[in-house]
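Thanks for coming. I will keep this short and stay with what is on the slide.

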Amino acid sequence: MVDVSRIATQEKSEAGEHLLPGKAGISADTVEEVARYLRQGNPLSIGDGSGIIERLEHRLEELLGIQNVLTCSSGTAALHSAYLALDLPTGSEVIAPVTTFHASVTPALQCGLSPVLVDVDPDNGNISPAALRAAITERTRCVVVTHNLGHPVELDEIAEICRTHGLRLIEDCSHAYLSTYRGRPVGTVGDVAVWSMQAAKTLVAGEGGFLATKDRAIFERACLAGHYRGRSEKQITDPRLRAFADTGLGLKYRLHPLAAVIAWSEAGHLVERVARRRRLLTRLSTRLTGIPGVQPPRVRDEVTMGGWFSYRPTLVPSGGCPAEDYERIVGALQEAGVPAHRPSIGSLDAMPLFTTPPPLDHAVATWRPRLCGPFDGARAYEKNRLSVTVTASDTLDRIEAYADAFADVMGERTGLPAGGGR
Ligand SMILES: Cc1ncc(COP(=O)(O)O)c(C=O)c1O
């Protein structure tokens, strides 16, 4: 059996960039940027969107091919701003995939909107266009999609459904930095797109997020939602909105300038990081393809994976995989040094916020989620799936060792010789 722990991780990327310890893979030059920012006495609160906030937003626009970027204190804040900016009538329904991080849709609850959860594609956990179509009612006004784990949704079909039914489309791109769909960057098809820059994401601010939209009116309303005074006075042209610039809509969603420095510096490494991660995970998938009983994540021909937020193969041993077998295989992989585990977050249909009226008068007044089960696609997607943690400091040697360990563990189970098609 290979001893994965003996294989060194790297402190330097292939481009020579020094990495700091920790999962996020922060670059050492980011420390210098933060120190320089502080040493120079730069502002620690920016109310008008200037300085490092403006520089970061321009860098994101160029990198991701997007327009009108508005940075926010988190991805959740950016999503809340997006829902507020769409200005939908109270009680409108927002259709969302049942398999996503809750914050893709929970901010809609704070806008008096009703989440409608629909089934997903069993291959990739993305919203199923058929389930989306079937859930539309006369109250539907919006669809939110998540490019789950970095795999773009069926954007052409979903955009067409939205056009036909007059629905707004939000793209949650938090997992999908630099992913493309039929050659187009994600985040450029919907009315508004949102990214998180939380510490586990491909682009890290620590805590932070941003939205982008082609529609200047949406940008201005989002700005008013969380960026009162300086920024609203400077960037809002609609006189009816500008009249409220002093308070905005009452929220404060500015990004911390130090988080902006971190994200600005890290953004300079994004393309190389994503390319490197893609090389490692593509190699892992190639190796796992040759091992009986393991199905690597499926990637459709018309997309490219960008950030590839988390690597999740499925165990498919012949004769099925009863629960105790799953635990035993994951345990054996861990013992062999593979950082494999059961994905920690389940789908939304099991979460109290979507099934039980919260015991708060203000929340319950407009609380009306609708669950369009059964969620056969979600159950099939989740079944026997496991997560393998691959970080910025992992090397190709480590990836080969993980694949060798999979081959050993699955070979023991099936009685087939180990090797995994190397
Ligand atoms: C798909 C998705 N959307 C939204 C969010 C929320 O972002 P944040 O944690 O920055 O508020 C996350 C965070 O994990 C996410 O994974």
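I will go through the ligand site, then the two sheets, then two helices. Please keep in mind that this is a predicted model.

Let me start with the ligand. How many residues surround the ligand? The answer is 15, and the closest of them are Gly75, Thr76, Asp172, Ser196 and Lys201. By type, that shell has 10 polar residues, three nonpolar ones and two charged ones. Helix α3, residues 75-86, gives the most to the shell, namely three residues.

Now the individual contacts. At Gly75 the backbone is involved: one of its N or O atoms is 2.8 Å from a ligand oxygen. With Asp172 the side chain takes part, and an N or O atom there lies 2.6 Å from a nitrogen atom of the ligand. Ser196 also uses its side chain, with an N or O atom 2.7 Å from a ligand oxygen. As for cover, the ligand on its own has 390 Å² of accessible area, and the protein covers 91% of that.

Next, the sheet of eight strands. What is the strand order in this sheet? Reading across, we have β1-β9-β8-β5-β4-β2-β3-β14; the sheet is open and the pairing is mixed. At the edges are β1, residues 70-72, and β14, residues 370-371, each of which pairs on one side only. Inside that order, β4 (residues 140-146) and β5 (residues 168-172) are parallel and share five bridges. If you want a position to look at, find Val145, which stands opposite Glu171 in β5. Strand β5 ends at residue 172, and Asp172 is the residue we just met at the ligand. Likewise, β8 covers 192-196, and Ser196 is another of the ligand contacts.

Two helices lie across strands of this sheet. Helix α2, residues 51-64, lies across β1, β8 and β9, and runs at about 115° to β1. Helix α7, residues 216-226, lies across β1, β5, β8 and β9, and its angle to β1 is about 30°.

Last, the sheet of three strands. This sheet is open too, with the order β7-β6-β11 and antiparallel pairing. Its edge strands are β7 (184-185) and β11 (303-304), each paired on one side only. Strand β6, residues 180-181, is joined to β7 by two bridges. Within that pair, Thr180 is opposite Pro185.

That is what I have; I am happy to go back to any of these on the slide.

Terms used. Residues are numbered from 1 along each chain as its sequence is written. This is a predicted model: local features need pLDDT of at least 70, side-chain atom pairs count only at pLDDT 80 or more; totals for chains, interfaces and linings use all residues. Side-chain values use heavy atoms; hydrogens and water are left out. A residue is near a molecule or strand if one of its heavy atoms lies within 4 Å of it. A polar contact is a pair of N or O atoms within 3.5 Å; within protein, one must be able to donate a hydrogen and the other to accept it, and residues adjacent in sequence count only if both atoms are side-chain atoms. Accessible areas come from the Shrake-Rupley method with a 1.4 Å probe; for residues, only the protein chains shown count as cover. Helices (H or I, at least four residues) and strands (E, at least two) are DSSP runs, numbered from the N terminus. Ala, Val, Leu, Ile, Met, Phe, Trp, Tyr, Cys and Pro count as nonpolar, Asp, Glu, Lys and Arg as charged, and the others, Gly among them, as polar. Two strands pair if DSSP finds at least two bridges between them. Contact means heavy atoms within 4.5 Å. Axes are lines fitted to C-alpha atoms, for helices over the stretch in contact, and angles run from 0 to 180 degrees between N-to-C directions.
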